Amino acid sequence: MATLHLICGTISSGKTTYARHMMEKSPALLLSVDEVTLALSSVIPPENHDLTTPLVKQWLMDKAREALAAGLDVIFDWGFWKKDERAEYEGLLSAENIPHVWHYIDISNERWEEQIAKRNAAVLQGETSAYFVDDGLKAKCVSWFEPPCREEIDVWYVPGDE
């Protein structure tokens, strides 16, 4: 039976890298909010990002239902920063009997800072279309992110503990 994998973690924690490793082990469709919003950035101004994100998530959820019904695993590379958002999706998926697994990327502050620096350098070099994490975005992430408790998560991943 196809499974939905939901990856929780703050910006630049390694969610996409983790998802790609999952895909190397088993075929899956990777659905990323950032991928869609970055692709639409020329028509959606940055000040509308927070208004657009829920619409993108709804559309991606619809696509996930289609893929799961076709028998393909799906990975949500979304972050799930807030406890209430995780609870909302847990309720929705349970009510719809959608098999799902929660993954958390538990990154140390030191490693997070290193990954942000590496990511920002890649953005400046034009090597990636990811968001540049300036001090304002970093502060927003820190203020918004609510780390999950162990009871919420099925797979607790600590980068470097491989």
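## Overall picture

What share of the 162 residues in the chain is buried? In this predicted model, buried residues make up 40% of the chain. Six helices and five strands are present, and along the sequence they follow the pattern β-α-β-α-α-β-α-β-α-α-β.

The overall dimensions come next. The C-alpha atoms fill a box of roughly 40 × 40 × 30 Å along the principal axes. A compact globule of 162 residues would have a radius of gyration near 15 Å, so the 16 Å of this chain agrees with that expectation. About 9300 Å² of the chain's surface is accessible, and carbon and sulfur atoms account for 55% of that area. If we take the contacts between residues at least 6 apart in sequence, 76% of them join residues at least 24 apart.

## Strand E3 and its partners

Strand E3 covers residues 73-79, and it is a good place to start exploring the sheet. Seven of its seven residues are buried, so the rest of the structure largely encloses the strand. In a regular strand, side chains alternate between the two faces of the sheet. On E3, one side carries Asp 73, Ile 75, Asp 77 and Gly 79, while Val 74, Phe 76 and Trp 78 lie on the other; both faces are covered, and all of these residues are buried.

Which strands pair with E3? Strand E1 (residues 4-8) runs parallel to E3 and is joined to it by five bridges; here Ile 7 of E1 has Asp 77 as its bridge partner. Strand E2 (residues 28-32) also pairs with E3 in the parallel sense, again over five bridges. Within that pairing, Leu 31 is matched with Phe 76.

## Strand E1 and its link to E4

Why is E1 described as largely enclosed by the rest of the structure? Five of its five residues are buried, so the description fits. Leu 4, Leu 6 and Cys 8 sit on one side and His 5 and Ile 7 on the other, with both faces covered.

Besides its bridges to E3, E1 pairs in the parallel sense with strand E4 (residues 100-105) over five bridges. In E4, Trp 102 is the bridge partner of Leu 6.

## The nonpolar cores

The largest nonpolar core holds 30 residues, and those touching the most other members are Leu 4, Leu 6, Val 74, Phe 76, Trp 78, Phe 80 and Tyr 89. At least two residues of this core come from each of E1, helix H3 (49-69), E3, helix H4 (83-95), E4 and helix H5 (109-124). Helix H3 gives the most, with six residues. Apart from this core lies another, of eight residues, including Ile 7, Met 22, Leu 30 and Ile 75.

Trp 78 is worth a look of its own. Which residues does Trp 78 contact, leaving aside its neighbours within four places in sequence? They are Ile 7, Lys 15, Leu 31, Ser 32, Val 33, Lys 57, Leu 60, Met 61 and Tyr 89. In this list, Tyr 89 is, like Trp 78, among the residues that touch the most other members of the largest core, and Leu 31 is the E2 residue bridged to Phe 76 in E3.

Notes. Residues are numbered from 1 along each chain as its sequence is written. This is a predicted model: local features need pLDDT of at least 70, side-chain atom pairs count only at pLDDT 80 or more; totals for chains, interfaces and linings use all residues. Side-chain values use heavy atoms; hydrogens and water are left out. Buried means under 20% relative accessible area, exposed over 50%, partly exposed in between (1.4 Å probe, protein chains only). Helices (H or I, at least four residues) and strands (E, at least two) are DSSP runs, numbered from the N terminus. Two strands pair if DSSP finds at least two bridges between them. A nonpolar core is a set of buried Ala, Val, Leu, Ile, Met, Phe, Trp, Tyr and Cys residues joined through side-chain atoms within 4.5 Å. Contact means heavy atoms within 4.5 Å. The radius of gyration is taken over C-alpha atoms; the globule rule is 2.2 Å times the number of residues to the power 0.38. Accessible areas come from the Shrake-Rupley method with a 1.4 Å probe; for residues, only the protein chains shown count as cover.
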